[in-house]
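Please describe how the interior of this protein is packed, beginning with the empty space left inside it and moving on to the helices, the nonpolar cores and a few single residues.

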Amino acid sequence: MAALASAARSRRRLLPYLHRLLHSGPSAAAAAPSPSNSRFLRHASPVPRTPDHSPYLRFPEARVSTLPSGLRVVTQAYPAATRMASVGVWVDAGSRFELPGTNGTAHFLEHMAFKGTGRRPNAEVLEVEIEDMGARLNAYTSREQTTFFADVQARHVPVALDILSDILQHPRFPERAMKRERGVILREMEEVQGMMEEVIFDLLHAAAFKGHALGDTILGPEENIKSISKKDLEQYISTHYTCPRMVFVVSAAGSVNHDEVVDQVKELFTEFSTDPTTADQLVDANPAIFTGSEVRVQNVTMPLVHVAIALKGASWTDPSSIPLMVIQSILGSWNRSVGVGNCSGSSLARGVSNGNLAESLMAFNTNYRDTGIFGIYAIALPDTLHDLSRLIMAELRRLTFQVSEEEVARARNQLKSSLLLHIDGSTAVAENNGRQMLTYGRVMPFLELFARIDAVDCATVMETAKEYIIDKDIALAAMGPISNLPEHRWFRSETCSDDEFTRRIFFGNAQNN
């Protein structure tokens, strides 16, 4: 009986809203539910709405302390009962900061950090200590950042601190270990070369930032991997692993004693350089310039073509960075194997599905300190390339003059959901805090980030699209049987404003019907 009463109350609260939704305004008759969709409208609105996420985002505040050396310490608890913690060091240094001829050093150093120290003479000793705690030690290198982190039980945070301080301050680079690791990295390179998405985005960076270190691969070329020396690694550490460019992060389930962590970091991390040179200063001295060029690799043995079309994007701190994130959500993604096409909220996905133009597509938006890239990555059959290219470029132009509030609201909701999925667990929270400290100089609360996203309306989207799309250079990377792919100058010409052409492509069929 209680359940029936609750259901009745729910219906009484819902029905007035639906009545207002369906019978208000001049288009009430058009909005009236048909028999086929009335069941749906009883339980959900057909119009995207902005939900209130605040009850779910009131996490404990991230606390930040800056030591006299310049090293920053961030701690944050998160609501969970696992009693696990993530402890990490985020370094404002990646492959873009490598000296000419030493591309691959940052990644090589990431590998060698785990090969032993003075107190832990080899990798086996370190692995046993980690496994005895039931912990996990890992690292990764990107174009602008390097990260070393450990996932441990909360009571083992002091031990994780000690291990991280030891491997970063007292690494040993024995020649035998370096020789063995060269083979490991070369095998890793072979694996990456079999991942077409990784290959295409490496080629895209080479086209977008031609002649700049930001366009180099993270692993480096084979000849560098074979020649990087102990001196190169030591020089990279002394130059870039400096206190002002490092952030120490602890995120733990339950409570975190911030003052205790600060004291431990202050005691353990004492041997890094205090050189005040920042990553921003290095970037200002050698900025990345977006170049409108292309890299095409003809391979007729491949059954499908992989192609990425990109324009210059925004830096992390550029005011346009969040509107471009919303634009990425509007463009969306689609995969034939998933089966969602005609029902997708993305008009680009619907067009690709209806025209049978691709096997999959994905919008991307990547930020760096001084620039960025955004665009579309698609996988398609060779004979569909021209029509697919026309559709992609027409959709990009459409964003400059014809965007509805409904699709922007849907894109905002999808973007926020995606961001929430990336803070699930102590590792994700630590990664988010470390990245934000390096890029923003602070941890941006999610309520603030979501408020910034909700401030993006269709006018903002169109204004941003005009700024970043109309009459702008194109970077292109493609691999496969690409003879039907339009020339680079054609893509460049398609960024010119031609509103009438775009209206005819996207809205002519609707008017005819």
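About 30 Å³ of space lies in the largest cavity, and the structure holds one cavity of 30 Å³ or more. A cavity is here a set of points, on a 1 Å grid over the protein atoms alone, where a 1.4 Å probe fits but cannot get out, and lining residues have an atom within 4 Å of a point. Grid points are joined across faces, edges and corners, and the volume is the space filled by probe spheres set on the points. The lining consists of Leu109, Ala113, Phe148, Ile167, Leu168, Pro171, Ile237 and Tyr241, which divide into eight nonpolar, no polar and no charged residues. In this count Ala, Val, Leu, Ile, Met, Phe, Trp, Tyr, Cys and Pro are nonpolar, Asp, Glu, Lys and Arg are charged, and the others, Gly among them, are polar.

The model is predicted, so local features need pLDDT of at least 70 and side-chain atom pairs count only at pLDDT 80 or more, whereas totals for chains, interfaces and linings use all residues. Residues are numbered from 1 along each chain as its sequence is written, and side-chain values use heavy atoms, with hydrogens and water left out.

The chain has 21 helices and twelve strands, which are DSSP runs numbered from the N terminus (helices H or I, at least four residues; strands E, at least two). Of its 513 residues, 51% are buried, where buried means under 20% relative accessible area, exposed over 50% and partly exposed in between, with a 1.4 Å probe and protein chains only.

Ile237, one of the cavity-lining residues, belongs to the buried residues of helix H10 (residues 230-240), together with Leu233, Tyr236 and His240. These cover an arc of only 100° around the axis, which puts them on the same side of H10; the arc is that of the directions from the helix axis to the C-beta atoms. Their cover includes strand E3 (84-91), helix H4 (105-112), helix H7 (175-193) and helix H12 (279-285). Thr105 lies in helix H4 and is buried, with a relative accessible area of 2%. Leaving aside neighbours within four places in sequence, Thr105 is in contact (heavy atoms within 4.5 Å) with Glu98, Ile228, Asp232, Leu233 and Tyr236.

Tyr241, also in the cavity lining, is among the residues with the most contacts inside the largest nonpolar core, along with Val87, Leu164, Phe248 and Val265; this core has 56 residues. Such a core is a set of buried Ala, Val, Leu, Ile, Met, Phe, Trp, Tyr and Cys residues joined through side-chain atoms within 4.5 Å. Its largest share, seven residues, comes from helix H6 (residues 157-169). A second, separate core of 55 residues includes Val305, Ala314, Ala363 and Val408. Apart from neighbours within four places in sequence, Val265 is in contact with Leu67, Leu71, Val73, Leu161 and Phe248.

Two loop residues, tabulated below, have a positive phi although neither is a glycine.

| Residue | Phi | Loop | Relative accessibility |
|---|---|---|---|
| Asn356 | about 55° | between helix H14 (347-355) and strand E10 (360-367) | 46%, partly exposed |
| Asp471 | about 60° | between helix H19 (458-469) and strand E12 (475-480) | 46%, partly exposed |

How values were computed:
On a 1 Å grid over the protein atoms alone, a cavity is a set of points where a 1.4 Å probe fits but cannot get out, and a pocket is an open set with protein on both sides within 12 Å along at least five of seven lines; lining residues have an atom within 4 Å of a point.
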